[in-house]
Amino acid sequence: MDNRKRFYISRRQVIRGLLATTAFGLTAKLGTGCTPAQNQATTPASPSAGGGTEPVALGFIYVGPKDDFGYNQAHAEGAATVKGLGWTKVVEEASVPETTAVEETMRNMIEQDKVVALFPTSFGYFDPHILKLAVDYPEVQFFHAGGLYEEGKTPKNVGSYFGYIDEAMYLCGIAAAQTSKTGKLGFIGAKPIPQVLRNINSFTLGARSVKPTITTQVIFTGDWAEPVKEAQAANSLADQGIDVLTCHVDSPKVVMETAEKRGIFCCGYHADQTALAPKGYLTGGEWDWSTIYTKYAEMIKEGKTVMAGSIPHVVRGGLKEGFWKLSAFGPAVSEETKKQVEDAKAKFMDGSMVIYKGNLKDNTGKALFAAGKDMTQQDPELEKMNWLVEGVIGKVGS
Amino acid sequence: MINRYQWRSTLETIAIPLGALVVSLFVFGIFCGLAGANPFGVYGSIYQAAFGSWSSFQGTLIRASPLMLSSLCTALPARLGLVIIGNEGAIVIGGVGAVAAGLALENTSPLVVQLGMAIAGLVSGGLWIMAVGALRHYRGVNETISSLLMNYIAIALLNHLVGGPMKDPTSLNKPSSFPILDINMVGQIPGTRIHYGLLYGIIACVIAYFLIQRTTFGFAARTAGGNIKAARIAGLPVGKLTMAICFLAGSCAGLAGMVEVAAVHGKANESLNAGYGYSGILVAFIARHNPLAATLVAVLLGGILSSGGILQRSHQLPDATVLVFQGLVFLIVLFSDSLYGKFDVFKDKPPTTLTTGNEVSV
């Protein structure tokens with residue numbers, strides 16, 4: 001071998017390397033974005049802030065990046081509020097998959113960071129991971145977003161919280177119906193599961209409460225993070241003459257951006273997406289985890305526990321309980337529409353609004369509930385929803 | 001006597017990957033410095049989180065166990081000259097097969113159920129990758145592309161089955177198959193929190209190594225991988241070899257799927273598709289398709305993955321940091337491939353009395 005050629009790298013090797021880089025980048029989803037470090041740089045409160053006692057250590061776990069403009073960002077914003085309280089210590093991990101990885105993360109947070117309560121926020125963390133760890137660490141409290149607590153079956157130290165954000169989607173429906181010129185709305189959902197169906201139905205019922213002939217076309221993408229399919233769905237809905245889009249996927253970013261690009265309107269979900277669609281954004285349903293997490297942190301600070309029953313096992317609520325808020329109205333929303341939305345919002349506030357009324361039919365014409373029986377938001381029947389209301393174009397089956 | 005002259009090339013195959021690892025740690029340190037963290041603190045934390053104590057090492061092994069089995073799905077066909085990246089699909093299909101068997105055999109004894117699930121996982125994953133081999137051998141379809149595309153088919157099939165025919169109606173917001181009974185689950189190795197999947201992985205890697213390096217079957221496969229025309233002329237049954245190796249490769253990944261179902265989740269759902277397949281490709285390439293090296297590399301990668309948490313919690317680094325680290329290691333190891341045979345220090349001195357070649361066998 002010629003000594004001068006010792007470190008020679010052939011063109012073939014370079015090409016091979018570049019191909020490998022690309023392939024790895026694609027498969028490992030290197031492009032899913034990073035969370036800027038400065039977001040997390042808040043220092044934990046000094047012990048003296050809590051009156052000389054140890055700070056309350058809480059752990060938050062997210063399934064995706066913290067700046068996804070969606071589900072994870074909403075939770076991370078809530079955690080940031082808790083962090084700012086001054087007497088808490090917040091540890092966070094983002095992009096933790098729903099496998100043994102989350103068990104290890106929870107274990108590390110408990111053993112290394114000495115957290116007293118964990119908030120694993122993704123639905124898939126619940127069974128079997130949280131259930132397993134809750135048995136291993138009976139003194140740690142686990143609060144889960146959306147999980148079902150079953151008396152006698154679920155470990156005592158597990159609590160569940162979730163909000164009726166479909167109320168916000170009902171209001172979005174009103175704004176969408178009033179702004180739409182074509183009378184056709186579009187909804188991009190991840191999977192036909194109860195949480196998603198409920199948002200579709202409430203959105204449609206809100207729209208039809210002001211314009212009874214309006215329709216919602218639904219497309220399911222099949223998974224929580226499918227940016228390409230979401231863009232295709234948004235484009236095909238726009239092609240069909242639909243002029244207001246909304247969605248229920250992990251990150252609404254792509255849908256909002258596509259709607260803006262196509263010059264149609266959109267309603268946000270999970271978090272505030274005004275920045276993504278400054279012209280077409282009407283309003284949106286945002287989680288308000290700040291309120292909920294602050295309440296939990298205060299209860300934990302006071303020494304209350306879910307094991308002793310001083311923190312309820314199941315916490316559910318809507319606008320009144322501070323689980324959601326509405327995004328600021330965009331420029332396309334008329335004053336009259338704003339007033340209509342605010343009126344309906346006031347009814348949610350005083351609890352007089354019923355979304356699912358007794359005479360409701362599904363989109364095949366079948367009556368849904370026993371005649372005249374109104375379903376309140378708390379009704380567990382609604383958490384098992386497997387139908388789409390009249391006015392929705394789409395099917396639950398895949 | 002020949003071995004005496006080959007220590008330098010053996011040293012080369014150890015020193016170059018290790019050197020690549022050191023270089024990638026260095027580059028990663030620069031990255032951490034740019035992101036505002038102290039690189040030495042980061043190295044310390046990575047070590048602590050991955051290998052620092054028995055408890056954290058268990059975490060590393062838990063993450064490593066699916067990677068060992070998954071990596072064989074790429075490593076075995078690579079010896080035959082095939083680049084197969086269908087690991088993810090084979091894991092998913094293996095998991096689905098295992099659940100189907102587990103539910104069908106539900107009322108028999110736990111041993112029968114576990115055995116049934118393992119066989120179902122092995123066979124279904126094996127057939128899945130064997131289809132890739134068949135497409136390659138009989139129809140000339142590029143095996144890399146077809147195996148990659150079959151991943152998507154497998155995931156779609158999983159989503160269809162757990163959302164439809166196999167769906168447990170009580171799994172509302174995360175559609176899943178019916179659960180396997182607790183009594184039929186594969187447990188933990190006594191005294192640890194590591195499930196038996198780790199043992200399966202190590203045993204499979206040892207068997208694969210023996211099969212490839214120490215049997216005539218393995219020799220035939222390596223010959224066909226070296227020069228397929230020569231192998232045909234020598235009368236080797238290339239088609240049969242392709243089918244057999246692909247089946248074995250797929251069955252390893254299928255077993256990984258079975259372990260995920262039977263030791264972790266207890267049912268089939270979208271969590272089966274968690275990226276172990278893609279990480280397995282990485283392991284196979286770093287291990288240079290040597291099954292024994294794959295066990296070590298899997299442990300190393302498990303350590304890297306389990307350090308992801310502490311990088312976020314203690315060093316306030318972004319969540320993608322661990323992916324950056326993983327990517328750096330992968331790239332630098334791949335590039336280090338080009339350095340083989342370029343250092344004089346690793347050249348075996350030709351024995352003075354013999355004239356036989358002593359080419360570095362790669």
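**Exercise 1. Work out how many residues each chain brings to the contact between chains A and B, and which parts of chain A are involved.**

Solution. Keep in mind that this is a predicted model.

- Start with the head count: chain A puts in 45 residues, and chain B answers with 39 residues.
- Next, look for the elements on the chain A side. Helix 1 (11-27), strand 2 (88-93), helix 3 (100-111) and helix 6 (194-210) of chain A each give at least two residues to the side that touches chain B.
- Now pick the top contributor: helix 1 of chain A has the largest share, with 6 residues.
- Finally, sort the chain A side by character, and you get 20 nonpolar, 16 polar and 9 charged residues.

**Exercise 2. Trace the strand order of the open 7-stranded sheet in chain A, then find a helix that packs on the sheet.**

Solution. Take stock of the chain before going into detail.

- Chain A holds 10 helices and 13 strands. Of its 398 residues, 48% count as buried.
- Walk across the open sheet of 7 strands and the order reads 12-10-9-8-6-7-13, with mixed pairing.
- Check the ends: strand 12 (324-326) and strand 13 (392-393) of chain A are the edge strands, each pairing on one side only.
- Zoom in on one pair. Strand 6 (residues 184-189) and strand 8 (residues 244-248) of chain A run in the parallel sense, joined over 5 bridges. Within this pair, A:Gly186 sits opposite A:Leu245 of strand 8.
- Now add the helix: helix 8 (residues 253-261) of chain A packs on the sheet and touches strand 6, strand 8 and strand 9 (265-270) of chain A. Compare directions, and helix 8 makes about 170° with strand 9 of chain A.

**Exercise 3. Describe how helix 4 and helix 5 of chain B cross, and say what kinds of residues make up their contact.**

Solution. Geometry goes before chemistry here.

- Find the two helices: helix 4 of chain B spans residues 87-104 and helix 5 of chain B spans residues 110-139.
- Their axes come within 7 Å and cross at roughly 145°. As for the hand, the crossing is right-handed.
- Then list who meets whom. From helix 4 of chain B the residues include B:Gly89, B:Ala90, B:Ile93 and B:Gly94, while helix 5 of chain B offers, among them, B:Gly116, B:Ala120, B:Gly121 and B:Trp128.
- Sort the contact residues, and they come out as 12 nonpolar, 8 polar and no charged. Glycine counts as polar in this tally.

Note on methods. Residues are numbered from 1 along each chain as its sequence is written. Chains are lettered from A and ligands numbered from 1 in the order in which they are written. This is a predicted model: local features need pLDDT of at least 70, side-chain atom pairs count only at pLDDT 80 or more; totals for chains, interfaces and linings use all residues. Helices (H or I, at least four residues) and strands (E, at least two) are DSSP runs, numbered from the N terminus. A residue is buried if 20 or more other C-beta atoms lie within 10 Å of its own, exposed if 12 or fewer, and partly exposed in between; C-beta atoms are placed from the backbone. Two strands pair if DSSP finds at least two bridges between them. Two residues are in contact if their C-beta atoms, placed from the backbone, lie within 7 Å. Axes are lines fitted to C-alpha atoms, for helices over the stretch in contact, and angles run from 0 to 180 degrees between N-to-C directions. A crossing is left-handed if the near helix is turned anticlockwise from the far one by less than a right angle, and right-handed if clockwise.
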